[in-house]
Amino acid sequence: MHILVTGGAGFIGSHLVRQLLDAKHTVVVLDNMSTGALEHLSGLDVVLWKRDVRDSDIVQQIVFENFDVIVHLAAQTMVDVSIKEPVFDASENIMGTLNILEAARQCGARVIFASTAAAYGDVAETDLPVKESQALHPQSFYGLTKVGAEKYLQLYHDIYGLDYVVCRFANVYGERQGDKGEGGVISIFAKRIAAGEDITIFGDGEQTRDFIYAGDIARGICKAITTEHVNAVYNLSTQTEISLLHLVKVMSDIMGEKIEPHFDVPREGDIYRSVLSNEKAALYLDWKPECSLEEGLEKTLKYFTGRVE
C-alpha cells in the first residue's frame, strides 16, 4: 500500500514507519519537524515532506499522491500546553485534522487516527478498565480536541463514506520519545536519571497510568490499516494499571540504584487513575501488546543513558 504518515518523524511515527517498511509498504512522511527529527528516519527508505498539516495547500499535495491509507499522528499532544494555549491546541488538532480528512475524502484513503485516553477524563473506579463505550468527559483542551476530531471522523463517514479507525492510545513510551511536544513521564524520568538529575512526581505517586511500549502501538496501527472492522474506535493499551511509585521502583531495579523522587502539587488537567480495556482490539484487530513493562523500560533507559555523554 501507499501510505502517508503525518508526524512520521516523531516518536511513535518513527516506530510505525519502520514496521510499515518491514511490511513492504511505500511510505511518505509529512512532518513540520516541531517535535520530529531527521535522525529518527536515518537510513529509512521514505519520502519526507517538511510541511505542516495546517498548510493551506497541503490537501492538494496529498490528493495528488493518491494514498491508500493516511495515518494521522501529527498533533499537539501536551495537556499542559493545551491548558495554557487552547487556540494553538485547537489549530493543530482540529484544523490540521480537517485538512487530512478533506484530503482523504477526495482521494478515497482510509484514515487511521491517533486519539488518547485523555478523551475519557477521570472515570469512576467501578468503570475501570475503561471500555470504548465509556462516556467521554475530557478534562483538558487536548482531550477535548481529540474528541472533537473523532466526531468529525464519524460525520465524514456518515456524510461522505470515508472509512476510518480511531486508536485511543494509553500512555505510550519508548525510544526516541522527545520533550518538545510528545514527552511522557517515562521519557522525562529516563532523561533525568540518565543525566544523574532528580525526578519530580506531581501528586502523591499513587496516581496510575496504563503504560504501553511504542512498538506495540505501531503493531496495533498496522492491524488497523488492514482490518475489515473499520469505522470503529479501539483502545490500544496493556490493560494494566501502574502507579508512578511502582514505575520508579522498576526503573530503580533496572538501573541498579535507589531513585528517590521529589513530590510537588498535582498539575491541572491530569487524570488520577487511568487504565484501558484492550478486549475490543484483541477481538477485532487480533492485537495484544507483547512488550512487558520491564522489557520496555530497559530498552528505553538503555536508549536514553546511551545518549547522555
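Is S140 buried or exposed? S140 is buried, with a relative accessible area of 6%. By buried I mean under 20% relative accessible area; exposed is over 50%, and partly exposed is in between, using a 1.4 Å probe and protein chains only.

Before I go on, a word on what we're looking at. This is a predicted model, where local features need pLDDT of at least 70 and side-chain atom pairs count only at pLDDT 80 or more, while totals for chains, interfaces and linings use all residues. Residues are numbered from 1 along each chain as its sequence is written, and side-chain values use heavy atoms, with hydrogens and water left out.

Okay, back to S140. You'll find S140 in the loop between β5 (110–116) and α5 (141–160). Those labels are DSSP runs numbered from the N terminus: helices are H or I with at least four residues, strands are E with at least two. What does S140 touch, leaving aside its neighbours within four places in sequence? V79, S82 and I83, where contact means heavy atoms within 4.5 Å. A polar atom of the S140 side chain also lies 3.1 Å from the backbone nitrogen of G143.

Now follow the chain into α5 and look at α4, residues 86–107. In general, two packed helices are described by the angle between their axes and the distance between the axes. For α4 and α5, that's about 20° and 9 Å. The axes are lines fitted to C-alpha atoms, for helices over the stretch in contact, with angles from 0 to 180 degrees between N-to-C directions. So α4 and α5 are roughly parallel to each other; the cut-offs are under 35 degrees for roughly parallel, over 145 for roughly antiparallel, 65 to 115 for roughly perpendicular, and oblique for the rest. The crossing is right-handed, meaning the near helix is turned clockwise from the far one by less than a right angle; anticlockwise would be left-handed. Among the residues making the contact are P86, I94 and L101 of α4, and F141, A149 and Y156 of α5.

There's another helix pair to compare. The axes of α6 (residues 185–194) and α8 (residues 244–255) come within 12 Å and cross at roughly 40°. That makes α6 oblique to α8. Here, too, the crossing is right-handed. The contact includes F189 and I193 from α6, with L247 and M251 from α8.

Next up, the cysteines. How many disulfides does the structure hold? Zero, taking a disulfide as a pair of cysteine sulfur atoms within 2.5 Å. Why isn't C167 in one? Because the closest cysteine sulfur, in C222, is 10 Å from the sulfur of C167, too far for a bond. C291 is in no disulfide either, and the nearest cysteine sulfur, again that of C222, is 16 Å away. C167 is buried at 0% relative accessible area, and C291 counts as buried at 12%.

Each of those cysteines leads us to one more residue. C167 is one of the contacts of Y234, along with H229 and Y284, among others. Y234 sits in strand β11, residues 232–236, and is buried at 1%. If you're wondering about P86 from α4, Y234 is 148 residues from P86 in sequence and 26 Å away in space, C-alpha to C-alpha.

C291, meanwhile, touches D216, which also contacts W287, P289 and E290. D216 belongs to helix α7, residues 214–226, and at 3% relative accessibility D216 is buried as well.

Definitions and conventions: A polar contact is a pair of N or O atoms within 3.5 Å; within protein, one must be able to donate a hydrogen and the other to accept it, and residues adjacent in sequence count only if both atoms are side-chain atoms.
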